[in-house]
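These are my notebook entries on a structure that I opened for a reader who has not seen it before. I wrote down each thing I looked up, in the order in which I looked it up.

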Amino acid sequence: MRPRFAREDLALRFDDMIATVLAQPEPNGSALAAKWRQLVDLLAQPGRDSEAADDAVAWLAAHRSEVPVALRRDAGASLAGRRVTPAIAAFFADDVPPVAGAALASVRLSPGDWRALVPRLGPTARGILRHRRDLPAEAVEALGAFGTTDFTLSGSVSAPAASPAAERSETQIRELVQRIENFRRQRDSSAPPPPIAPGVPVEAFQWETGPDGTILWVEGAPRGPLIGESIASIAERGQFGVDGQAAGAFEKRAPFRDARFSVPGTGAASGDWRISGVPFFDPGQGSFLGYRGSARRPRVDEVAPPGPARAPQGTGLFGTDLPPDSLRQLIHELRTPLNAIIGFAEMIDGQYMGPAAAPYRTRAAEIIEQARGLLSAVDDLDTAARMETSRLQFTESATDAVALLCRLHDAYERVAAQRGSRIAVEIARDLPQAQVELSAAERMFARMLAATIGLAGEGETIGASMTLEQEGGKKMLCLSIDRPRAIDGLDEGALLDPGYSPDGDWPGAPSLGLGFALRLVRNLAEAVGGALRIGGARFFLYLPPLEPAELSSGQGA
């Protein structure tokens with residue numbers, strides 16, 4: 001049994017990262033500001049309570065005055081909608097009002113943390129929180145306990161004598177109130193927008209969310225089924241809501257386009273949608289306010305055919321309109337700049353052209369990882385295009401599938417540990433080798449593991465097994481992997497949708513979506529004489545074993 005990362009290992013790794021950042025020198029103001037922001041980003045991650053975190057908060061407080069207010073305000077605004085620790089929330093609450101307002105406007109804590117934090121805040125910070133309408137009852141109750149003190153003015157107040165200036169001010173206030181009342185009467189007397197007629201299909205609508213990602217405003221569709229839906233997290237148990245594209249963009253405060261959105265019910269707004277949105281911010285403080293966007297019904301080419309039916313010949317790659325030959329030309333044009341980017345970033349990371357500062361090397365390492373992920377996606381597209389044009393040929397060579405699975409297991413187990421999940425593999429004894437080219441077997445195994453482990457939730461264990469099973473009237477090697485809870489309830493047609501990806505925002509995830517990855521594995525398996533079956537609880541990848549004659553000659557059986 002191989003060792004697995006435990007939560008204690010992750011905590012130690014976090015403490016090491018804090019210690020590494022704290023040890024960085026600050027030769028100038030820019031370096032100090034970068035170090036300050038790095039520590040805030042680390043501490044903003046959920047569940048980061050430790051001695052190292054306390055040291056980091058103490059350093060941030062000691063150097064707060066040396067960091068520009070604008071940078072501190074942007075750092076506070078980056079916490080919007082995120083669940084943080086009470087320590088980092090209290091730290092920003094103790095800053096000047098523009099910074100405290102940016103952080104406290106939509107930061108999230110557990111009810112117990114709110115109850116403990118509110119008494120530690122000053123009147124200004126509590127006043128900011130009183131403007132929020134999304135606080136739990138515990139926070140509202142704690143704020144209510146400070147009402148008599150927060151709204152009391154210190155010192156004696158004497159009534160000033162009446163003056164012409166005061167009378168003019170009173171007259172202006174009366175005029176303003178009258179104008180507001182006239183506007184309300186005019187608005188109430190105007191005809192409301194015509195309601196949407198029952199039974200009339202809705203093909204598009206506009207929407208807007210609050211800072212927490214909840215839809216608060218809709219135009220062009222019935223509001224009932226849409227108000228209250230969220231773009232901040234993927235649909236629970238694969239049912240209704242948004243996919244990982246929208247949820248991942250929300251986490252990064254980034255624009256997104258044509259994300260999947262499923263609305264429950266049978267009304268005019270129910271069913272599948274494709275939504276696009278952009279974040280918007282307070283022009284004065286820069287704080288995140290939510291998303292605005294539009295929704296449309298999916299096109300025919302964006303919907304998977306029912307069941308395991310294959311796309312008709314001539315419709316292009318996996319049912320799209322792009323001809324495979326054109327795609328292969330595009331792939332060729334993408335590979336060259338990607339390889340150049342990787343090479344140049346490796347020169348910076350390895351300091352081959354001279355010393356480079358730590359932040360530059362860190363960024364270069366990130367670029368290498370992202371570019372290699374894109375290159376892997378390009379290779380997947382190339383493989384798919386070559387299969388569609390019958391230009392991909394595999395040799396029937398022997399591959400040790402057990403050794404391959406063990407090697408990939410070690411790599412993907414680290415990915416699972418980073419997400420707080422696990423992968424448990426069981427391998428039957430005395431399994432034969434697979435009669436599959438190594439490159440094809442590795443691509444299928446890697447895509448299967450990436451497509452499942454990456455969707456595992458915190459605390460979830462993904463089981464996998466390698467056995468010899470009956471398929472199509474003969475014995476075949478079978479790699480079976482649990483379906484993650486995130487895609488429970490989805491049938492084969494939905495999972496094989498080329499654009500489907502419930503959550504693509506994690507290291508090593510299928511860059512082209514879960515649906516594309518599964519279709520690629522299925523087509524590769526069929527090309528080598530195997531098959532991919534999608535069960536209610538597991539995926540089953542069947543590969544041909546070596547023939548008995550080859551087994552006896554190759555293994556001495």
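Entry 1, charges over rings. In this predicted model, I looked for charged ends placed over aromatic rings, and I found the charged end of Arg 253 over the ring of Phe 288, at 4.1 Å from the ring centre. I noted a further case in Arg 292, whose charged end sits over the ring of Phe 280, 3.8 Å from its centre.

Entry 2, aromatic pairs. I then turned to rings beside rings, and the structure holds 10 aromatic pairs. For Phe 91 and Phe 92 I read a centre distance of 5.3 Å and an angle of 80° between the planes, and because an angle over 60 degrees counts as edge-to-face, I entered the pair under that heading. Both Phe 91 and Phe 92 are buried. Phe 256 and Tyr 291 make a tilted pair, with 5.7 Å from centre to centre and 40° between the planes. This pair links distant parts of the chain, since Phe 256 belongs to strand β4 and Tyr 291 to strand β6, 35 residues apart. I also checked how covered the two are: Phe 256 is buried at a relative accessible area of 6%, and Tyr 291 is buried at 0%. Ring pairs join both of them with Trp 207, Phe 250, Phe 281 and Phe 288 into a cluster.

Entry 3, strand β4. I followed Phe 256 into its strand, β4, which covers residues 256–263 and is mostly covered, with six of its eight residues buried. On one pairing, β4 runs antiparallel to strand β3 (residues 241–242), joined by two bridges, and Val 242 stands opposite Phe 261. β4 also pairs with strand β5 (residues 271–281), again antiparallel, over six bridges, where Ala 259 has Ile 275 as its bridge partner.

Entry 4, helix α16. I asked myself how far apart the end C-alpha atoms of helix α16 (residues 438–453) lie. They are 22 Å apart, which agrees with the 22 Å that its 16 residues should span at 1.5 Å a residue. Of those residues 12 are buried, so the helix is largely enclosed by the rest of the structure; among the buried ones I listed Met 444, Phe 445, Arg 447 and Ile 453.

Entry 5, cysteines. I searched for disulfides and the structure holds zero. Cys 406 is buried, with a relative accessible area of 18%, and Cys 478 is buried at 2%.

Notes: Residues numbered from 1 in each chain as written. Predicted model: local features only at pLDDT ≥ 70, side-chain atom pairs only at ≥ 80, totals over all residues. Heavy atoms only, no water. Expected span 1.5 Å × (residues − 1). Buried < 20%, exposed > 50% of the residue type's maximum accessible area, 1.4 Å probe, protein only. Pairing = 2+ DSSP bridges. Disulfide = S-S within 2.5 Å. Phe/Tyr/Trp six-rings, centres within 6.5 Å; stacked < 30°, edge-to-face > 60°. Lys NZ or Arg CZ within 6 Å of the ring centre and 35° of its normal.
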